[in-house]
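Biologist: I should like to go through this model with you, one question at a time. Please explain the reasoning behind each reply.

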Amino acid sequence: MQKKIVIVGCGAAGWSAAVGARKTDRKAQIIVVEQGEPRNYRKHQ
Ligand SMILES: Cc1cc2nc3c(=O)[nH]c(=O)nc-3n(C[C@H](O)[C@H](O)[C@H](O)COP(=O)(O)OP(=O)(O)OC[C@H]3O[C@@H](n4cnc5c(N)ncnc54)[C@H](O)[C@@H]3O)c2cc1C
């Protein structure tokens with residue numbers, strides 16, 4: 001059965017958890033819930 005993983009917050013910890021969950025289970029449904037604006041990774045110039 002497909003696992004459903006819900007992660008609350010998409011800061012550094014949230015994205016790290018999502019990546020870790022995907023590495024652990026390639027078929028799981030992963031949902032990231034964020035209350036604020038979408039945040040992107042940005043490289044420092
Ligand atoms: C001014 C400042 C400067 C910093 N500069 C640096 C730096 O240069 N280098 C560095 O390594 N670190 C820096 N830090 C620290 C860094 O920002 C934190 O360590 C890091 O953001 C922590 O990530 P996090 O995912 O744990 O939390 P957060 O980044 O706080 O992410 C948590 C997320 O969860 C969301 N959330 C919370 N509650 C809910 C809810 N109930 N439902 C849905 N979403 C929710 C929030 O909106 C947020 O987006 C800085 C911090 C501050 C305040």
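The exchange below moves from the whole chain to its strands, its helix and its ligand.

Biologist: What pattern does the chain follow along the sequence?
Modeller: This is a predicted model. Its secondary structure comes to 1 helix and 2 strands. Read along the sequence, these elements give the pattern β-α-β.

Biologist: Which element has the highest confidence?
Modeller: The chain averages a pLDDT of 90, and 89% of the residues score at least 70. Confidence is lowest in α1, where the mean is 94. The highest mean, 97, belongs to β1.

Biologist: What share of the residues in the chain is buried?
Modeller: A residue counts as buried if 20 or more other C-beta atoms lie within 10 Å of its own. In β1 the count of buried residues among its 5 residues is 0, and β2 likewise has 0 among its 5 residues. For the 45 residues in the chain, the buried share is 0%.

Biologist: How many bridges join β1 to β2?
Modeller: Strand β2 covers residues 29-33, and β1 and β2 run parallel. In this pairing, Val-6 has Ile-31 as its bridge partner in β2, while Ile-7 stands opposite Val-32. The number of bridges that join the two strands is 5.

Biologist: Is Val-32 exposed or partly exposed, and why?
Modeller: Val-32 is placed in strand β2. Leaving aside its neighbours within four places in sequence, Val-32 is in contact with Ile-7, Cys-10, Gly-14 and Ala-18. The C-alpha atoms of Val-32 and Val-8 are separated by 6.0 Å, although the two residues are 24 residues apart along the chain. Because Val-32 has 16 C-beta neighbours inside 10 Å, it counts as partly exposed.

Biologist: Why does α1 lie largely in the open, and how many of its residues are buried?
Modeller: Helix α1 covers residues 12-24. It has 13 residues and reaches 18 Å from its first C-alpha to its last, close to the 18 Å expected at 1.5 Å a residue. The helix lies largely in the open because the number of buried residues among its 13 is 0.

Biologist: Which helix gives the most residues to the shell around the ligand?
Modeller: The ligand is surrounded by Val-8, Gly-9, Cys-10, Gly-11, Ala-12, Ala-13, Gly-14, Val-33, Glu-34, Gln-35 and Gly-36. Three members of this list, namely Ala-12, Ala-13 and Gly-14, fall within residues 12-24. The element that gives the most, with 3 residues, is therefore helix α1.

Biologist: How many residues of the shell around the ligand are charged?
Modeller: Glu counts as charged, whereas Gly counts as polar. The shell includes Glu-34, together with glycines such as Gly-9 and Gly-11. Its residues divide into 5 nonpolar and 5 polar, and the number charged is 1.

Biologist: Is Cys-10 buried or partly exposed, and why?
Modeller: Cys-10 is found in the loop between β1 and α1. Leaving aside its neighbours within four places in sequence, Cys-10 is in contact with Trp-15, Val-32, Glu-34 and Arg-39. A residue needs 20 or more C-beta neighbours within 10 Å to be buried. Because Cys-10 has 19 such neighbours, it counts as partly exposed.

Biologist: What distance separates the C-alpha atoms of Cys-10 and Gln-35?
Modeller: Both Cys-10 and Gln-35 are among the residues that surround the ligand. Along the chain the two are 25 residues apart. In space, their C-alpha atoms are separated by 8.7 Å.

Biologist: Where is Lys-27 placed, and is this residue buried or exposed?
Modeller: Lys-27 has its place in the loop between α1 and β2. Lys-27 and Gln-2 are 25 residues apart in sequence and 6.5 Å apart in space, C-alpha to C-alpha. Because Lys-27 has 8 C-beta neighbours inside 10 Å, it counts as exposed.

Biologist: How far apart in space are Met-1 and Lys-27, C-alpha to C-alpha?
Modeller: Met-1 lies in the segment before β1. With 4 C-beta neighbours inside 10 Å, Met-1 counts as exposed. Met-1 and Lys-27 are 26 residues apart in sequence, and their C-alpha separation is 9.4 Å.

Key
Residues numbered from 1 in each chain as written. Predicted model: local features only at pLDDT ≥ 70, side-chain atom pairs only at ≥ 80, totals over all residues. Near = placed C-beta within 6 Å. Helix = DSSP H or I, 4+ residues; strand = E, 2+ residues; numbered from the N terminus. Buried ≥ 20, exposed ≤ 12 C-beta atoms within 10 Å, placed from the backbone. Contact = placed C-beta atoms within 7 Å. Expected span 1.5 Å × (residues − 1). pLDDT = per-residue confidence, 0-100. Pairing = 2+ DSSP bridges.
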